[in-house]
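User: I'm new to this one. Could you take a close look at a single part for me, the strands around one hairpin, and then tell me how far to trust the model around it?

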Amino acid sequence: RASPRGAGSLKLPRIVVVGSESAGKSSTLERIAGVSLFPRDAKICTRMPIRLSLINDDDAPRASVTLKFPGREDQSVHESQAAAAIGKLMRQVVPPGSGVIDTELTVEIRKASVPTLDLIDLPGIVAASIEGEPADMMQKTRAITERYLRDSNTIVVAVVPANITRVRDSQAIQLVQACGKEAMTLGVLAKADLAHDPRYKQRKQRSPYWELEQRLSGESDDIVDLPNGWVAVKNRDTLVQEEEAGGLVLSSQTERDWFANEASFGQIDSPLSKSVLARCGLDALLTKIDHLYTSHIKMHWVPQAIAKLESEMAVVNARIETLGPAPGMLSLDDVLTVFLEEFQTPDVLAMFDTPLRLPAGSLLRAAI
């Protein structure tokens, strides 16, 4: 199996989820990973980078979840208790009012039903600080996000709430452009059900979700062009008990039904509607991520990995050559030649020129 950590210094690409605070990043990441791990308390936001280190392990009888944080002992918990454990650790490490930190918490998950992959959830980008928070919250959250975006081995999932007034106003998209990561970024319009326009009839639109449809089709004048396009998702509302109890599997089915029926994307038999519907939901998101990840591996990671391995092999071969030929490749003549060369030094030859002196009677005793 491939490991995200790779062999030696070779590391597979990582997928980083960025966006503003409460944009739907953590919920989107949970659905990509297929596991529920984040605290459900609305007051607990991501206060540090959280790396979900998924490891496919067919031998694991059940899911194994381990929390790893620098300076603390590793903590193994049951998957059902992971969200509570993560929330407790965040409160201990970053108490309320302390802002955010740039120290990574690793949540290692070993189970048979996950791909081997690294997913990273970053603290939400904020535009200002509120009472009880450090005054530099905006600078810190932007700096953390930018540090990850600057890594050439990072694939970006930029999450923007679908009900945002202007997509181009998103700080996440602004940082993506500033770091030149457009070609490595997939845009996600989360909370699609909140993009409801109650006055759509007065605006002579056929659907209350007309603006969402225009953004997905590329017709909207506020959408930022990304080579990998945009996908809309309707994550479950974890603060609504009925949706939370349904779990991730039910939420995906509910999402499919919602886009096809309530959003009306599947009710009109037209190329545009079919095209828009194909960009909605978890399946569309996973398909896009898989394509982006695979393309990056083939076009960028593999050539770089081969070049690095060839360079390291050249160094190893050069060191081997300094050791001389392998013993198995030497003939008897080669061995005798080397042996004689080693013994034809002035010190050794001087030893053979010295008369042999033995104690009296030693030859006689030796002969007897």
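Analyst: Here is a walk through that hairpin, followed by a few words on confidence and one spot on the surface.

Keep in mind that this is a predicted model. Let's start with strand S3, which covers residues 64–68 and pairs with strand S5 (residues 105–111). The two run in the antiparallel sense, joined over 5 bridges. To find a point where they meet, look at serine 64, whose bridge partner in S5 is arginine 110.

S3 has another antiparallel partner in strand S4 (residues 75–77), this time over 3 bridges. Here threonine 66 has serine 76 as its bridge partner in S4. S3 and S4 make up the hairpin, with 6 residues between the strands. Among the residues of that hairpin, glycine 71 takes a positive phi near 85°.

Now for confidence. The chain has a mean pLDDT of 83, with 85% of its residues at 70 or more. Among its elements, strand S8 (residues 185–190) has the highest mean, 96, while helix H11 (residues 362–367) has the lowest, 45. Residues 1–8 have pLDDT below 50 too, and this stretch has 18 contacts in the model beyond near neighbours in sequence. Over residues 361–368 the pLDDT stays under 50, and the model has 2 contacts for them beyond four places in sequence.

One last stop, on the surface: Leu330, Leu332, Val335 and Leu336 make a nonpolar patch of about 360 Å². Leucine 332 lies in helix H9 (residues 332–343), and its relative accessible area of 62% is over 50%, so leucine 332 counts as exposed.

Note on methods. Residues are numbered from 1 along each chain as its sequence is written. This is a predicted model: local features need pLDDT of at least 70, side-chain atom pairs count only at pLDDT 80 or more; totals for chains, interfaces and linings use all residues. Side-chain values use heavy atoms; hydrogens and water are left out. pLDDT is the predictor's confidence in each residue, from 0 to 100. Helices (H or I, at least four residues) and strands (E, at least two) are DSSP runs, numbered from the N terminus. Contact means heavy atoms within 4.5 Å. Two strands pair if DSSP finds at least two bridges between them. Patches are made of residues with over 30% relative accessible area and no salt bridge: like charges are joined within 9 Å, nonpolar side chains (Val, Leu, Ile, Met, Phe, Trp, Tyr) within 5 Å. Accessible areas come from the Shrake-Rupley method with a 1.4 Å probe; for residues, only the protein chains shown count as cover. A salt bridge is a side-chain nitrogen of Lys or Arg within 4 Å of a carboxyl oxygen of Asp or Glu. Buried means under 20% relative accessible area, exposed over 50%, partly exposed in between (1.4 Å probe, protein chains only).
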